[in-house]
Amino acid sequence: MSSTTALKPPDLVHTDLYIDGKWVQAEGGRRFETENPYTGKVWASIADAGASDVDLAVKAARAALEGPWSEMTGGQRARLMNKLADILERDADRIAMIETYDNGKLIRDARWQVGLMAEWFRYFAGAADKIDGTVMQDANPEFFVYTRREPIGVVAAILPWNAPLLLMTWKLAPAMAAGCTFIAKPSEFTPSSALALAECFAEAGFPAGVFNVLPSSSRDVPAALTQHEGVNKVAFTGSTATGVKAAQSAIAHLARVTLELGGKSPQLVFEDADMEAATNGLLRGIFSATGQICHAGSRAFVQRPIYDAILAKVVARANTLKLGDPRLPETELGPIATAAQFEKVKEMLARAKADGALAACGGGPDESLGGYFIRPTVLTNVKPGDYIMREEVFGPVLCIMPFDTEEEGVALANDTRYGLASGLWTSDVRRVHRVAKRIRAGTVWVNAYRGVSPSVPFGGFGASGMGRESGLEAINDYTERKAIWVEMTGQTKDPFKL
Ligand code: NAD
């Protein structure tokens, strides 16, 4: 820790709720504390929203939706979004450091993600003045018929702790472009950066109530938000189990829903793959962000002729990964983000070992560092039916097993209820297209892993979610289509005939 003592925590300027363009205390003045997972010590005290704050936020978002925000053109919204992107770039170091204190994310990753946020806002700003309806010129000669795409309304975004701001931006940027208003409920473990983002919204000049932030330690608050009749859309990222609950609450009052959920993503390495690139891709897939990414490549299937060599290379590199202070640029693996998640990873490792898995490296916590560190782990001797092969760990744990034929490799990759992402490593271009088509996942990276872009849809098959984020079409998930029929003949019609 000696070289880190000079590193000071970033200033948290605002720690109250952000509702209707104002910083307000939570109901009853309640607050809660969040800890820095690197030290395991409290670093922030944040206002703790309750049920009445949910009502206030929904009212504010509704008033903004029907007020000044609805009067703005797409071009005016775009200008605000571009200004927000400028502010994010200017303040990126501070905002990234807040993420690092909140969830232990490496500073270099956090800094990269804040840069991506600016890209996402600029991309969707470019779309804000291009949201068009259609004229149905041949619908009926007696009518002039056209459609409009209108904002879906008040959006409640329920967010996880692993990439709090970037994952919010995937919802927020298309929602702002579409003219919706927004209530962010950050994870109870990582509420601070959403408040820093609210400061940027205020400075950019968005009308009051367009963007609201409701941190809360209570899981009743996101539940109340998803149940609230004043919410028109629930955009959820988190675990599959909680996502199903959120969707059920939303559907009960017919709010629209998109879900970005968990994964157990496969990486298929064929014998003709570039060994160095594939090794790097397996490491990138599972050890970046300490494995706490929804699309972590947590199951590796390697064709038998190169299995031993790939395993040896992955283990050799895993053993040299530099664990430590996420604020330092040389650190490669930070802590697990929460105490509960740390316990979950340890339990899953214990169960995997009981099921017969062998740790080729790692296999448990690194106690020398304090904090919630798990050593980078590669498990062999695993079987497709094992719990560790079926359930998401959300930690630096790679399961690896050999396969023989392409047919078998594809079957193993698809043997999951999830379907978020996948990696395919081969130098055979025919195989690329054959296998990419057969893998059931929302993303297939070929000879690569973990690329994202605002113009590319991201989301999952099966238990990994519903709907897609990013890509121009994401705006459709924040608009409703309205058909307008204008009678042109002026004649009275038979009332009993359609
Ligand atoms: P979580 O499901 O525990 O919590 C997510 C959010 O839901 C939190 O803000 C929480 O307060 C809220 N919540 C709790 N109870 C709720 C309820 N009854 N109704 C509505 N909301 C409720 O998930 P987490 O532990 O924060 O995040 C980790 C999970 O997120 C992993 O499973 C991971 O795969 C998934 N994830 C998915 C993606 C993706 O894009 N597919 C991205 C990141 C994380």
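Leaving aside neighbours within four places in sequence, with which residues is Met-168 in contact? In this predicted model, Met-168 contacts Leu-159, Phe-182, Ala-184, Ala-194, Leu-197 and Phe-211 once those sequence neighbours within four places are set aside. Met-168 also belongs, together with Phe-182, Phe-206 and Phe-211, to the residues with the most contacts inside the largest nonpolar core, which comprises 71 residues. The element that gives the most to this core is helix 5 (residues 107–128), with twelve residues. A second core, separate from this one and made up of 32 residues, includes Leu-282, Tyr-307, Ala-421 and Tyr-449.

The ligand is surrounded by 28 residues, of which Leu-159, Glu-188, Ser-239, Leu-261 and Glu-392 are the closest. Polar side-chain atoms lie beside ligand oxygen atoms at three residues: that of Trp-161 is 2.9 Å from an oxygen atom of the ligand, an N or O atom in the side chain of Glu-188 is 2.7 Å from a ligand oxygen atom, and a polar side-chain atom of Arg-219 is likewise placed 2.7 Å from an oxygen atom of the ligand. Of the 860 Å² that the ligand exposes when taken alone, the protein buries 93%.

Ala-85 is located in helix 3 (residues 74–90), and its relative accessible area is 0%, so that this residue is classed as buried, the cut-off being under 20%. With neighbours within four places in sequence left aside, the contacts of Ala-85 are with Ala-118, Phe-121 and Arg-122. Between Ala-85 and Thr-181, which stand 96 residues apart along the chain, the separation of the C-alpha atoms is 18 Å.

Key. Residues are numbered from 1 along each chain as its sequence is written. This is a predicted model: local features need pLDDT of at least 70, side-chain atom pairs count only at pLDDT 80 or more; totals for chains, interfaces and linings use all residues. Side-chain values use heavy atoms; hydrogens and water are left out. A nonpolar core is a set of buried Ala, Val, Leu, Ile, Met, Phe, Trp, Tyr and Cys residues joined through side-chain atoms within 4.5 Å. Buried means under 20% relative accessible area, exposed over 50%, partly exposed in between (1.4 Å probe, protein chains only). Helices (H or I, at least four residues) and strands (E, at least two) are DSSP runs, numbered from the N terminus. Contact means heavy atoms within 4.5 Å. A residue is near a molecule or strand if one of its heavy atoms lies within 4 Å of it. A polar contact is a pair of N or O atoms within 3.5 Å; within protein, one must be able to donate a hydrogen and the other to accept it, and residues adjacent in sequence count only if both atoms are side-chain atoms. Accessible areas come from the Shrake-Rupley method with a 1.4 Å probe; for residues, only the protein chains shown count as cover.
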